[in-house]
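Biologist: Got a minute to go through this one with me? I'd like to take it topic by topic.
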Amino acid sequence: MIAIGGAGKEMDGMQGTLPWTSDVVVVGAGNAAFCVALAAAEHNASVLVLERAPVEEAGGNSRFTAGAFRCVYDGVEDLKALMPDLTEEEIANTDFGTYSEEMFFDDMGRVTEYRTDPELCELLVKRSKETMRWMRSKGIRFAPIYGRQAFKVDGKFKFWGGLTVEAWGGGPELIAGLTRSAVKNGVKVAYEARVLSLIVDDDGVKGVRVRHNGHTTDVAAKCVVLAAGGFQANTEWRTRYLGPGWDLAKVRGTRFNTGDGIKMALDMGAMPTGNWSGCHAVGWDRNAPEFGDLSIGDNFQKHSYPFGIMLNADGERFVDEGADFRNYTYAKYGRVILGQPGQFAWQVFDKKVLHLLRDEYRIKRVTKVRADTLEELVQKLDDVNPGRALATIKAYNAAVKRDVPFNPNVKDGRATIGLAVAKSNWANTIDEPPFEAYAVTCGVTFTFGGLKIDTDGRVIDLDGRPIPGLFAAGELVGGLFYFNYPGGTGLMAGAVFGKIAGTIAGRRAAQIP
Ligand SMILES: Cc1cc2nc3c(=O)[nH]c(=O)nc-3n(C[C@H](O)[C@H](O)[C@H](O)COP(=O)(O)OP(=O)(O)OC[C@H]3O[C@@H](n4cnc5c(N)ncnc54)[C@H](O)[C@@H]3O)c2cc1C
């Protein structure tokens, strides 16, 4: 049996048959599901986690992440509470800044064009700090994201973009730690246990029908919490809801999030809500496999485009690569790349910024070309019109405002002048060899549409009433994200709403004889 990350025997899951009953059944075994399970267990509920994937692939999208959590902190003391391992030297050498509730609200409002559900958004923001502390109390370790979210200026690291904390060891260790903690707290976990449907009567949800190790069986429950992810791995639903062309996107994460949790709730009258035609999608290696590969994790992403330019098959730029910090543009640019001829683009950089490229540019499985002249480079860009590409780069170089200094830590205003497609910040000329280019296509991360829940995590029906016994948390909840997404909010939302749903479900189960 292959263990997840550093987890041991507990990751083997339950052997033999499933129990015929459990106070709380949780569908899925990602970050949201384990936060549900841990919170429910605090109320002495018996908790059964049912995970569709085999243990080798379990942990959902959460396991694919780098583990970045967007959370409120009012200064270094808040960070020390989360990361007691922070050394005095690190504190002295780092400008962590703050990330206030107001800043988090502003970011959510701005990137979702003020469509985010105000009640859910308020919970997300206001509970983020305490939920992180609670996770820490459950044994989850955190660390500052030095590698990706801070640049060194004058010998001192400076964090930018509101994203400072990640789970130590990234997604694999996050899932391993949550699993360890859940098992220690008496939660039972079964792998290869695909929940097929909800068992309901006139009084609400009474359990689940599940296929476990090839056998279909029923498990009775006082509460069922759906945490089975979005529908991004379902090609047919992607095309149906996101629109034509989305069948051609690659899936960044797990192949198991096919919308099962959403479907089983809709089948019993749950209310769909949110941005059903929207999703989180990024620039992703053009030759990446159809679904995520856990040995690569999130490293097929290519997120340093703010420091270069992107060219499509016609050799044209098509988007403002420097419109904002990458945390506020990356999740919507996948869609823009999908809309280009052939659904791909090349990211182009020169020597001046190569040292700023994120780690993911240095993996072995990367679609990359390198050249010493621009003329040679454009010939190497597969499927691109080389003449147009060269003309575009030259026109771009000529348009750069060279008198504004380049500074990767702030929106530096080093822009282009007079181009049809502007670059608003970090516009360096591309004129110093060696030149490098990386081919990307669209990688879909997760879908935004989902189930309507109330502030207790209860699933709401088509008449606007909570469905007794049914809760939801994580990616399959609709209403939080529209059009775009501030980086690190998926895990935070899963944890906040997972804890809420688990608490209310655990309490409810305790009241039912
Ligand atoms: C490559 C990548 C990098 C990312 N990086 C970050 C990041 O750094 N920070 C961040 O905040 N977000 C990140 N995200 C987004 C983040 O992964 C998700 O928002 C979050 O993990 C969702 O958690 P979840 O628990 O809702 O779903 P998941 O973690 O996907 O868990 C859902 C689980 O449900 C299971 N399941 C599905 N159907 C069934 C069924 N019928 N029965 C039983 N089980 C079922 C699946 O197997 C899966 O294990 C990233 C995503 C990807 C793909």
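**Hairpins, ligand shell and odd spots**

Modeller: Start with a hairpin: S11 and S12 form one, with 2 residues between them. Asn-213 sits in its turn and has a positive phi of about 50°. Keep in mind that the model is predicted.

Biologist: Where do those two strands run, and how many bridges pair S11 and S12?

Modeller: Strand S11 covers 204-212 and strand S12 covers 215-226, with Asn-213 in the loop between them. The two pair in the antiparallel sense over 6 bridges. One pair to look at: Gly-207 has Ala-220 in S12 as its bridge partner.

Biologist: Back to Asn-213. Is Asn-213 buried, partly exposed or exposed?

Modeller: Partly exposed, because its relative accessibility is 44%. Its phi is positive although Asn-213 is not a glycine.

Biologist: And what does S11 do with S10?

Modeller: S10 and S11 pair in the antiparallel sense over 8 bridges. They also form a hairpin, with 2 residues between them. Asp-201 stands opposite Gly-204 in S11.

Biologist: Remind me what antiparallel pairing rests on in general.

Modeller: Strands of a sheet pair through backbone hydrogen bonds, and they can be parallel or antiparallel.

Biologist: OK, ligand next. How many residues surround the ligand, and which are the closest?

Modeller: There are 39 residues around the ligand. The closest are Glu-51, Asn-61, Ser-62, Asn-257 and Leu-491.

Biologist: What's the split into nonpolar, polar and charged in that shell?

Modeller: 15 nonpolar, 17 polar and 7 charged.

Biologist: Which helices and strands each supply at least two residues of the shell?

Modeller: Helix H1 (31-41), helix H2 (60-64), strand S10 (193-201), S19 and helix H15 (489-511). H2 gives the largest share, 4 residues. S10 is also the strand that pairs with S11.

Biologist: Which polar atoms lie by the ligand's oxygen and nitrogen atoms?

Modeller: I can give you three pairs. A polar side-chain atom of Ser-62 is 2.5 Å from a ligand oxygen atom. A polar backbone atom of Gly-60 is 3.1 Å from an oxygen atom of the ligand. A polar side-chain atom of Asp-260 is 2.8 Å from a ligand nitrogen atom.

Biologist: How much of the ligand's exposed area does the protein bury?

Modeller: 97%. Taken alone, the ligand exposes 1000 Å².

Biologist: You mentioned H15. What does the side chain of Thr-503 reach?

Modeller: Thr-503 is in helix H15. Its side chain reaches the backbone oxygen of Lys-499 at 2.6 Å. Thr-503 is buried, with a relative accessible area of 15%.

Biologist: Switching to cysteines. How many disulfides does the structure hold?

Modeller: 0. Cys-279 is in no disulfide, and the nearest cysteine sulfur, that of Cys-442, is 6.4 Å away.

Biologist: Why is there no bond between Cys-442 and Cys-279?

Modeller: Because the sulfurs are 6.4 Å apart, which is too far for a bond. The cut-off for a disulfide is 2.5 Å.

Biologist: Are those cysteines buried or exposed?

Modeller: Cys-279 counts as buried at 5% relative accessibility. Cys-442 is buried as well, with a relative accessible area of 0%.

Biologist: Backbone oddities next. Where is the cis peptide bond?

Modeller: It joins Pro-433 and Pro-434, with omega about 0°. Pro-434 is in the loop between helix H14 (386-399) and strand S19 (435-447).

Biologist: What else turns up in the loop between H14 and S19?

Modeller: Trp-426. Its phi is positive, about 55°, although Trp-426 is not a glycine. Trp-426 is buried, with a relative accessible area of 1%.

Biologist: Last topic. What's the order of the open sheet of 3 strands?

Modeller: S4-S7-S6, with mixed pairing. Strand S4 (94-95) and strand S6 (150-153) stand at the edges. Each has a single partner strand, so one side of each is left without a neighbour in the sheet.

Biologist: How do S6 and S7 pair?

Modeller: In the antiparallel sense, over 4 bridges, with strand S7 at residues 156-159. Ala-150 stands opposite Phe-159 in S7.

Technical notes:
Residues are numbered from 1 along each chain as its sequence is written. This is a predicted model: local features need pLDDT of at least 70, side-chain atom pairs count only at pLDDT 80 or more; totals for chains, interfaces and linings use all residues. Side-chain values use heavy atoms; hydrogens and water are left out. Buried means under 20% relative accessible area, exposed over 50%, partly exposed in between (1.4 Å probe, protein chains only). A residue is near a molecule or strand if one of its heavy atoms lies within 4 Å of it. A polar contact is a pair of N or O atoms within 3.5 Å; within protein, one must be able to donate a hydrogen and the other to accept it, and residues adjacent in sequence count only if both atoms are side-chain atoms. Accessible areas come from the Shrake-Rupley method with a 1.4 Å probe; for residues, only the protein chains shown count as cover. Ala, Val, Leu, Ile, Met, Phe, Trp, Tyr, Cys and Pro count as nonpolar, Asp, Glu, Lys and Arg as charged, and the others, Gly among them, as polar. Two strands pair if DSSP finds at least two bridges between them.
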